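Reader: Hi! I'm new to reading structures, and I'd like a close look at the spaces enclosed inside this one. Could you walk me through them and the residues around them?

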Amino acid sequence: MFAVALSAGAYGASARSPIEFGFRAGLNFQDMDLRDAAVGPYVLSADSRVGYHVGMTASAKIGMIRLRPEFVYSHNSYKLGVQSAQDASTIATSTVRMNAIEVPLMLEARAAFLRLYAGPVFNVWEETSVANVSSNTAQTVLWNRSSVGYAAGAGVCFGKMTLSAMYKGDLSRPTQAISVGETTAEVKTPVRTWTLSLGFNL
């Protein structure tokens with residue numbers, strides 16, 4: 001009986017711990033606008049694809065709120081279209097893949113089963129590659145985001161699991177150095193990103 005009581009007490013102390021750890025994973029829905037972008041004699045278009053993210057989370061109680069640092073790997077991609085500026089004919093298409101490691105530092109408020117999040121997002125690493133090029137027209141894309149962005153969202157908690165939706169943005173408009181053939185141009189690209197995540201607390 002004593003051992004059972006001691007185990008129950010240890011479990012209760014663990015459950016009341018002010019620090020929590022967990023994981024989250026989900027989908028990225030990114031909208032990238034290239035409607036007014038041009039590289040020399042070419043105009044560009046973008047058709048965004050659904051991406052994904054996976055990461056680790058921590059949560060520490062500080063007064064009435066919680067500090068929630070995260071470490072997240074994120075993958076997004078879009079279909080890049082290159083058209084002639086003269087007759088709008090398609091010159092080439094390709095798939096642009098963007099990988100990044102982000103460190104969100106969220107403030108979290110809790111009310112019953114509801115969760116509210118807001119805070120800065122630090123972009124610590126990013127990589128861009130071009131694949132599935134449909135013609136011999138060489139293409140390269142260098143993705144350049146601001147080092148600090150922001151995020152805000154809400155979630156619903158059920159047991160150890162949380163379903164959350166969040167909007168992410170950049171403090172300054174991201175740029176892409178896009179090369180088509182021998183012509184290169186730096187294009188400012190409005191990006192709107194929504195994420196849908198399922199989290200699990202340990």
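Author: Happy to! What follows is a walk through the cavities, and then through a few residues worth finding on your screen. Please keep in mind from the start that this is a predicted model.

Let's begin with the enclosed spaces. How many cavities of 30 Å³ or more are there? The count comes to three. The largest cavity has a volume of about 200 Å³. Its lining is made up of 20 residues, and those closest to its centre are Gln-30, Glu-102, Arg-145, Lys-168 and Thr-193. Try selecting those five residues, and you will have the middle of the cavity in view.

Which strands supply the lining of the largest cavity? At least two residues each come from strand 5 (65-84), strand 6 (90-111), strand 7 (114-131), strand 9 (148-158), strand 10 (161-170) and strand 13 (191-201). Strand 6 gives the most, with four residues. As for their chemistry, the lining residues of the largest cavity divide into seven nonpolar, eight polar and five charged.

Now move on to the second largest cavity, which holds about 140 Å³ of space. Here 15 residues form the lining, and Arg-68, Tyr-117, Thr-162, Gly-199 and Asn-201 are the closest to the centre. Strand 1 (19-32) supplies at least two residues of this lining, and so does each of strands 5, 6, 7, 10 and 13. The lining of the second largest cavity divides into four nonpolar, five polar and six charged residues.

With the cavities in place, let's turn to some single residues. His-53 lies in strand 4, which covers residues 50-62. Is His-53 buried or exposed? Its relative accessible area is 4%, and because buried means under 20%, His-53 counts as buried. The side chain of His-53 is joined to that of Ser-197 by a polar contact of 2.6 Å. Setting aside neighbours within four places in sequence, His-53 is in contact with several residues, including Arg-24, Leu-27, Val-72, Tyr-73, Thr-195 and Leu-196.

Next come the aromatic rings, which form three aromatic pairs. In one of them, the rings of Tyr-150 and Tyr-167 have their centres 6.4 Å apart. Why is this pair called tilted? The planes of the two rings stand at 45 degrees, so the pair is tilted. Tyr-150 sits in strand 9 and Tyr-167 in strand 10, 17 residues apart, so you can see that the pair links distant parts of the chain. Both rings belong to residues that are partly exposed: Tyr-150 has a relative accessible area of 35%, and Tyr-167 has one of 23%. Together with Trp-194, Tyr-150 and Tyr-167 form one aromatic cluster.

One last stop is Thr-175, in strand 11 (residues 175-180). Thr-175 counts as buried, at 12% relative accessibility. Along the chain, Thr-175 and Ser-146 are 29 residues apart, while their C-alpha atoms are separated by 8.9 Å. Beyond its neighbours within four places in sequence, Thr-175 is in contact with Leu-142, Trp-143 and Asn-144, as well as with Glu-186, Val-187 and Lys-188.

Key
Residues numbered from 1 in each chain as written. Predicted model: local features only at pLDDT ≥ 70, side-chain atom pairs only at ≥ 80, totals over all residues. Heavy atoms only, no water. 1 Å grid on protein atoms, 1.4 Å probe; cavity = no way out; pocket = protein on both sides within 12 Å on 5 of 7 lines; lining within 4 Å. Points joined across faces, edges and corners; volume = space filled by probe spheres on them. Nonpolar A, V, L, I, M, F, W, Y, C, P; charged D, E, K, R; others polar. Buried < 20%, exposed > 50% of the residue type's maximum accessible area, 1.4 Å probe, protein only. Polar contact = N/O pair within 3.5 Å; in protein donor to acceptor, adjacent residues only side chain to side chain. Contact = heavy atoms within 4.5 Å. Phe/Tyr/Trp six-rings, centres within 6.5 Å; stacked < 30°, edge-to-face > 60°.
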